[in-house]
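Work through the three exercises below with the coordinates open, and try each task before reading its solution.

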Amino acid sequence: MGQLSELPPHLSIRNWDPLLSDYADTAAIIAQLDLVISVDTSVAHLAGSLAKPTWVLLCFNSDWRWLLEREDTPYYPTVKLFRQQHPQQSWASLMPTIMAELNSPTSSVSTRTSSLIVDSF
């Protein structure tokens with residue numbers, strides 16, 4: 001959470017974690033979001049199962065369910081995958097790709113307001 005202080009001041013970040021007690025609460029918040037960006041956690045799977053647009057950051061040796069060399073998944077049609085390309089690649093190195101997607105003219109995602117769910121399940 002310390003890195004949140006490094007974000008540009010025009011981003012309004014809200015941490016909903018104190019209000020979450022179960023997956024129903026998490027699902028209710030996800031339903032209100034335009035996009036979920038997550039690493040491979042329960043939140044990513046819940047958002048995908050709710051058909052919410054979701055971007056999942058995958059480590060180099062990701063779980064078998066994500067298959068190989070794909071940006072999509074047959075399990076969740078609204079999920080886009082962003083993969084580390086080698087074992088030593090940092091998450092930070094994926095951020096330019098994420099930012100380019102967010103700022104793309106074809107992106108349907110609004111970057112005016114942001115909410116944060118900290119996955120504590």
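**Exercise 1.** Locate Trp-91 relative to the secondary structure of this predicted model, and decide which exposure class Trp-91 falls into.

Solution. Begin with the chain: Trp-91 lies in the loop that runs between strand E3 (79-83) and helix H3 (95-103). Next take the accessibility, which is 34% in relative terms, so Trp-91 is classed as partly exposed, given that this class spans the range between under 20% (buried) and over 50% (exposed). Finally, look at the surface, where Trp-91 joins Val-39 and Met-95 in a nonpolar patch of about 240 Å².

**Exercise 2.** Establish which side chain of opposite charge is nearest to Arg-83, and which backbone oxygen the side chain of Arg-83 reaches.

Solution. Arg-83 belongs to strand E3 and is buried, yet has no salt bridge. The nearest side chain of opposite charge is that of Asp-72, at 7.4 Å, whereas a salt bridge would require a separation within 4 Å. The side chain of Arg-83 does, however, reach the backbone oxygen of Arg-70 at 2.9 Å. Leaving aside residues up to four places away in sequence, the contacts of Arg-83 include Trp-66, Glu-69, Gln-89 and Leu-94.

**Exercise 3.** Determine whether Ser-38 is buried or exposed, and describe its surroundings.

Solution. Ser-38 sits in strand E1 (residues 36-39), and its relative accessibility is 12%, so Ser-38 counts as buried. The side chain of Ser-38 forms a polar contact with that of Thr-41 at 3.1 Å. Beyond four places in sequence, Ser-38 touches Ala-44, Trp-55, Val-56 and Leu-57; of these, Trp-55 is 17 residues away in sequence, with a C-alpha to C-alpha distance of 6.4 Å.

How values were computed:
Residues numbered from 1 in each chain as written. Predicted model: local features only at pLDDT ≥ 70, side-chain atom pairs only at ≥ 80, totals over all residues. Heavy atoms only, no water. Patch = residues over 30% accessible without salt bridge, like charges linked within 9 Å, V, L, I, M, F, W, Y side chains within 5 Å. Areas by Shrake-Rupley, 256 points an atom, 1.4 Å probe, with all protein chains shown as cover. Helix = DSSP H or I, 4+ residues; strand = E, 2+ residues; numbered from the N terminus. Buried < 20%, exposed > 50% of the residue type's maximum accessible area, 1.4 Å probe, protein only. Lys, Arg positive; Asp, Glu negative; His and termini not counted. Polar contact = N/O pair within 3.5 Å; in protein donor to acceptor, adjacent residues only side chain to side chain. Contact = heavy atoms within 4.5 Å.
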